[in-house]
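Biologist: I should be grateful for a close look at a single part of this model. Please describe its surroundings as well, in one connected account.

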Amino acid sequence: MSQNLVKLQPGTPAPDFTLPDAEGKPVALADYRGKNVIVYFYPKAATPGCTTEACDFRDSLASLQGSGYEVLGISPDGPEALAHFTGDYALTFPLLADEDHAVALAYGAWGEKLVRGEVTEGIVRSTVVLDPEGKVKLAQYQVKAEGHVAALKDELGI
């Protein structure tokens with residue numbers, strides 16, 4: 001299986017983006033300058049692994065924000081699907097629609113992956129942590145949904 005992903009490296013500037021949120025309002029990465037930002041990519045709203053991960057981020061949001069981190073979730077879902085996901089699970093951080101997966105591609109979070117024994121193309125579950133200047137602090141690819149947020153908090157010293 002070929003991995004044609006361009007992985008982001010610590011210390012490099014993260015690609016800028018503006019994507020619609022669950023209400024269709026544009027959210028720009030530039031709006032978060034001056035803050036640490038956790039940008040995580042997940043394959044599909046309301047699927048078991050993605051729900052586990054989103055709920056873990058929701059449940060950890062107070063401690064993450066208390067330590068100066070904001071959270072943005074990105075998937076190829078459209079705003080309507082994100083609105084349902086947000087409402088159904090009371091998610092309290094922005095979910096952004098990357099319908100043409102251009103941002104996922106720029107962040108190295110789109111490529112070939114093995115799903116139930118078949119090679120498909122799609123989101124590779126990934127998390128990128130940015131510093132207040134918008135530079136990559138940490139980039140993790142092919143993360144597991146379960147336990148990821150706890151491991152991330154440990155790594156960030158939260």
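Modeller: Gln142 sits in the loop that leads from strand E9 (136–141) to helix H4, where helices (H or I, at least four residues) and strands (E, at least two) are DSSP runs numbered from the N terminus. The model is predicted: local features need pLDDT of at least 70 and side-chain atom pairs 80 or more, whereas totals for chains, interfaces and linings use all residues. Residues are numbered from 1 along each chain as its sequence is written, and side-chain values use heavy atoms, with hydrogens and water left out.

Gln142 has a positive phi of about 55° although it is not a glycine. Most residues other than glycine have a negative phi. At the other end of the helix, Gly157 comes just after H4 and takes a positive phi of about 75°.

Between these two positions lies the helix itself. His148, Val149, Leu152, Lys153 and Leu156 of H4 are buried (under 20% relative accessible area; exposed is over 50%, partly exposed in between, with a 1.4 Å probe and protein chains only). Viewed down the axis of H4, these buried residues fall within an arc of 135° (taken from the directions from axis to C-beta atoms), so they line one face of the helix. The buried residues of H4 pack against strands E3, E4, E8 and E9 as well as helix H1, with contact meaning heavy atoms within 4.5 Å.

The helical neighbour may be taken next. The axes of H1 (residues 48–66) and H4 (residues 148–156) come within 9 Å and cross at roughly 35° (lines fitted to C-alpha atoms, for helices over the stretch in contact; angles from 0 to 180 degrees between N-to-C directions). On the H1 side, the contact is made by Glu53, Asp56, Phe57, Ser60, Ser63 and Leu64. His148, Val149, Leu152 and Lys153 meet them from H4, and these four also belong to the buried residues of the helix.

In the loop between strand E3 (36–41) and H1 lies Ala46. Like Gln142, Ala46 has a positive phi without being a glycine, here of about 65°. Ala46 is partly exposed, with a relative accessible area of 46%.

The strands under H4 belong to an open, mixed sheet of five, in the order E5-E4-E3-E8-E9, with strands counted as paired if DSSP finds at least two bridges between them. E5 (95–97) and E9 are the edge strands, each pairing on one side only. From one strand to the next, the twist averages 20°. H4 lies across E3, E4, E8 and E9 of this sheet and runs at about 150° to E9. E8 (residues 126–130) and E9 run antiparallel and are joined by five bridges; in one of them, Thr127 has Gln140 of E9 as its partner.

Towards the other edge, helix H2 (residues 79–88) lies across E4 (69–75) and E5, running at about 165° to E5. Ser75 lies in E4 and is buried, with a relative accessible area of 0%. Leaving aside residues up to four places away in sequence, Ser75 touches Tyr42, Pro43, Leu82, Leu96, Ala97 and Asp98.

To return to the part in question, H4 thus has its buried residues on one face, and these pack against H1 and four strands, E3, E4, E8 and E9.
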